[in-house]
Amino acid sequence: MRSIINEKNLNNKKILLRLDLNVPLERDKITDTTRIDKILPTLNFLIKQKAKIIILSHVGRPKGKIVKELSLKPICEELQNKLKKKVKLIKENIKEIKSKNFFSDYNEDVFVLENIRFYSEEEQNDNKFAELISNFGDIYVNDAFSCSHRAHASIYEIPKFLPSFSGLQLDLEVNALNKITSEITRPITCIIGGSKISTKINVIKNLIPKFDNIIIVGGMANNFIEYFGNNVGKSIKEKNCDKILEEIISISKKEKCKIIYPEDVIVSRDLNGSPQNKELNEVLSDEMILDIGPKTIKKITKIIDNSKTILWNGPAGYFENPNFAYGSIQIAKKIIENNKAKKIFSVAGGGDTVSLLNNLKAVNEFNFVSTAGGAFLEYLEGKNLPGITALN
């Protein structure tokens with residue numbers, strides 16, 4: 001995989017730049033600019049090299065139809081503010097634009113083609129559509145790691161027609177994930193949460209042989225708590241998971257990887273109720289487990305202190321309510337403390353984890369925070385991502 005950072009002769013070259021600008025929008029207002037902020041280094045590098053930039057991206061799921069509310073217009077305005085440079089949104093139908101006249105018709109150096117998913121050919125991975133778009137550029141750059149698990153035309157097919165490179169953010173994502181899956185500094189610990197263990201089973205199975213500790217938190221921990229003979233009351237849990245748990249426990253024993261689940265919990269009768277600390281054998285049938293308890297926090301922070309590498313994917317509880325955010329906050333604080341002391345290499349990812357760190361204004365306190373969801377998990381599963389394969 002060649003990185004664009006090593007290319008110096010980009011003056012006046014037309015760069016087709018695939019980005020993930022799929023940011024949350026409310027009435028044309030961006031509510032979280034994290035994804036935009038992360039790709040600014042690539043844009044600034046290309047601008048400094050005096051390249052001409054054509055951005056390809058999407059917002060939402062318009063399913064091949066023009067949806068006014070999913071226009072990239074507010075994103076162009078945000079880019080313009082952050083780059084302090086005119087950014088031109090091209091609203092014309094891509095199929096009707098004459099590539100030879102593309103730049104001569106305008107004075108700008110940064111263009112954004114309207115939502116690429118307004119065209120059904122994008123998600124159909126249409127080769128002819130990709131070839132048509134490739135005619136606009138001299139070079140293709142993928143800086144959308146979070147879309148790279150999709151075999152879509154702008155991710156997988158365009159590299160067949162142009163010299164292709166990775167962007168700076170994609171490089172950072174892959175290097176960070178390699179450090180926790182290939183270039184490992186032990187002891188290494190994974191803290192993993194989420195509501196459904198079935199969605200993370202392949203990640204856990206792939207990480208067990210490489211990791212020393214896997215700490216199960218969040219909703220999926222309730223399955224472990226119940227499996228070992230405790231009542232979880234009204235807590236969120238996944239049905240018919242015993243075979244999955246038996247498989248995880250069996251593999252972990254064989255690979256000498258410790259599986260840790262909560263020893264005590266914080267419960268309430270509803271999501272807006274008052275928190276109460278309980279031992280596992282004290283949870284009542286009308287109570288919900290909504291956070292980890294103090295004994296569990298102490299155990300997890302001790303494991304973090306004894307680790308050299310940490311992967312965190314999934315909060316410890318229902319962090320949206322401050323009454324049940326304490327466990328997640330203490331995990332974040334301990335990782336940050338060790339990070340500042342340069343005792344640890346830390347990677348966090350997943351939408352809820354990123355939201356939590358944004359709330360704490362702690363995104364920059366980790367070695368790397370990934371905004372990728374599906375691509376992040378599939379990489380951890382050991383899958384080949386189409387976008388990475390195309391660049392190779």
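**A cis proline, helix α11 and the packing around them**

P187 lies in the loop between α6 (168–181) and β9. In this predicted model, the peptide bond that joins R186 to P187 is cis, with an omega of about -5°. Most peptide bonds, by contrast, are trans. P187 is also among the residues touched by T309, a list that further includes I180, T185, I188, T189, I344 and F345 once residues up to four places away in sequence are set aside. T309 itself is placed in strand β15, and with a relative accessible area of 2% it falls under the 20% limit and therefore counts as buried.

Strand β15 (309–313) is in turn one of the elements that cover the buried residues of helix α11, together with β9 (188–192), β14 (288–292), α10 (294–305), β16 (345–349) and α12 (351–359), among what contributes to that cover. The buried positions of α11 are G327, S328, Q330, I331, A332, K334, I335, I336, N338 and N339. The length of the helix can be checked against its residue count: α11 comprises 15 residues (326–340), and because a rise of 1.5 Å a residue predicts a span of 21 Å, the 21 Å between its end C-alpha atoms agrees with expectation. Just after α11, K342 adopts a positive phi of about 55°.

Strand β14, one of the elements covering α11, is itself mostly covered, five of its five residues being buried. Strand β12 (residues 264–268) pairs with β14 in the antiparallel sense over four bridges, and within this pairing V267 has I289 of β14 as its bridge partner. Helix α12, which also contributes to the cover of α11, holds T353. With a relative accessible area of 1%, T353 lies under the 20% cut-off and so is classed as buried. Its contacts, leaving aside neighbours within four places in sequence, are with W312, N313, G314, P315 and A348.

On the scale of the whole protein, the secondary structure comes to 14 helices and 17 strands. The radius of gyration is 23 Å, close to the 21 Å that the globule rule gives for 392 residues, so the protein is as compact as a globular protein of that length. Along its principal axes, the C-alpha trace spans about 70 × 40 × 40 Å. Of the 392 residues, 56% count as buried, and the accessible surface comes to about 18100 Å², of which 45% belongs to carbon and sulfur atoms. Among contacts with a separation of 6 or more, 74% are made by residues 24 or more positions apart.

In soluble globular proteins, nonpolar side chains tend to be buried together. The largest nonpolar core of the present model contains 89 residues, of which L43, I55, L79, F145 and I214 touch the most other members. Apart from this core lies another, of 27 residues, among them I215, I292, A316 and V363. For F145, the residues touched, not counting those up to four places away in sequence, are L170, E173, V174, L177, A372, A375, F376, Y379, L385 and I388.

A51 is placed in the loop between α1 (34–48) and β4 (52–56). Its relative accessible area of 4% is under 20%, and A51 is therefore buried. Beyond the residues up to four places away in sequence, A51 touches L10, N12, K13, I15, L46 and D109. A51 and N206, which are 155 residues apart in sequence, are separated by 41 Å in space, C-alpha to C-alpha.

Two further loop residues share an unusual backbone setting, given that most residues other than glycine have a negative phi. K63, placed in the loop between β4 and α2 (73–83), has a positive phi near 55°, and its relative accessible area of 68% is over the 50% limit, so that K63 is exposed. K84, placed in the loop between α2 and β5 (87–90), likewise has a positive phi near 55°, and because its relative accessible area of 75% is over 50%, K84 is exposed as well.

Note on methods: Residues numbered from 1 in each chain as written. Predicted model: local features only at pLDDT ≥ 70, side-chain atom pairs only at ≥ 80, totals over all residues. Heavy atoms only, no water. Helix = DSSP H or I, 4+ residues; strand = E, 2+ residues; numbered from the N terminus. Expected span 1.5 Å × (residues − 1). Buried < 20%, exposed > 50% of the residue type's maximum accessible area, 1.4 Å probe, protein only. Contact = heavy atoms within 4.5 Å. Pairing = 2+ DSSP bridges. Rg over C-alpha atoms; globule rule 2.2 N^0.38 Å. Areas by Shrake-Rupley, 256 points an atom, 1.4 Å probe, with all protein chains shown as cover. Core = buried A, V, L, I, M, F, W, Y, C linked by side-chain atoms within 4.5 Å.
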